[in-house]
Amino acid sequence: LSDLAGVVFSVGASGAVFGLLGALVFYGRSRGGVFGLAVFRRYGQWALLLLVFGFFMPGVNNLAHAGGFVGGYLAGLALGHEARGPERGGLRLAASLTVAMTGVCFALALWTAISP
């Protein structure tokens with residue numbers, strides 16, 4: 001959205017964060033129930049609050065925020081969230097390896113930060 005509007009230079013990952021917020025808002029809205037409503041309200045409020053704060057801070061690219069949110073919402077709409085079947089062992093193994101790698105990365109970051 002920023003490129004379409006002619007914003008020349010923008011740095012950061014906040015547009016991607018807003019994309020995740022948009023996907024979470026879609027998930028909460030489409031899931032329904034108490035949990036879905038809680039997710040929808042919580043992340044919708046965060047997205048709205050962060051967007052409003054962006055107008056009061058200089059140098060914030062709110063077009064990237066809005067574009068990210070809309071893109072995340074549309075990606076959630078396109079991909080859906082319905083479970084297609086039970087999780088298989090390969091998916092559980094991949095998820096476990098991802099969690100383990102995240103732990104190793106945090107440990108390395110901590111070790112790098114405290115070592116001379």
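The following dialogue examines how several descriptions of this predicted model are justified.

Trainee: Why is the pair of Phe-26 and Tyr-73 called edge-to-face?

Mentor: The count of aromatic pairs comes to 1. In that pair, Phe-26 and Tyr-73 have ring centres 5.4 Å apart and planes at 90°. Centres within 6.5 Å make a pair and planes over 60 degrees apart count as edge-to-face, so the name applies.

Trainee: What makes this a link between distant parts of the chain?

Mentor: Phe-26 belongs to helix H2 (residues 14-31) and Tyr-73 to helix H4 (residues 62-79), with their positions 47 residues apart in the numbering.

Trainee: Why is Phe-26 called buried?

Mentor: Its relative accessible area is 10%, and buried means under 20%, so Phe-26 qualifies. Other buried residues of H2 include Phe-18, Leu-21 and Val-25. Among the elements covering the buried residues of H2 are helix H3 (33-56) and H4.

Trainee: How do you know that the length of H2 is close to the expected one?

Mentor: H2 has 18 residues and spans 25 Å from first to last C-alpha, against an expected 26 Å. After H2 comes Gly-32, with a positive phi near 75°.

Trainee: What makes Leu-1 exposed?

Mentor: Leu-1 lies in the segment before helix H1 (2-5). Its relative accessibility is 52%, and exposed means over 50%, so Leu-1 counts as exposed.

Trainee: Which residues does Leu-1 touch, leaving aside those up to four places away in sequence?

Mentor: Leu-1 touches Leu-63, Ala-66 and Gly-67. In addition, the C-alpha atoms of Leu-1 and Ala-64 are separated by 6.1 Å, although these residues are 63 residues apart along the chain.

How values were computed:
Residues are numbered from 1 along each chain as its sequence is written. This is a predicted model: local features need pLDDT of at least 70, side-chain atom pairs count only at pLDDT 80 or more; totals for chains, interfaces and linings use all residues. Side-chain values use heavy atoms; hydrogens and water are left out. Rings of Phe, Tyr and Trp (its six-membered ring) pair if their centres lie within 6.5 Å; planes under 30 degrees apart count as stacked, over 60 as edge-to-face and the rest as tilted. Helices (H or I, at least four residues) and strands (E, at least two) are DSSP runs, numbered from the N terminus. Buried means under 20% relative accessible area, exposed over 50%, partly exposed in between (1.4 Å probe, protein chains only). The expected span of a helix is 1.5 Å times one less than its number of residues. Contact means heavy atoms within 4.5 Å.
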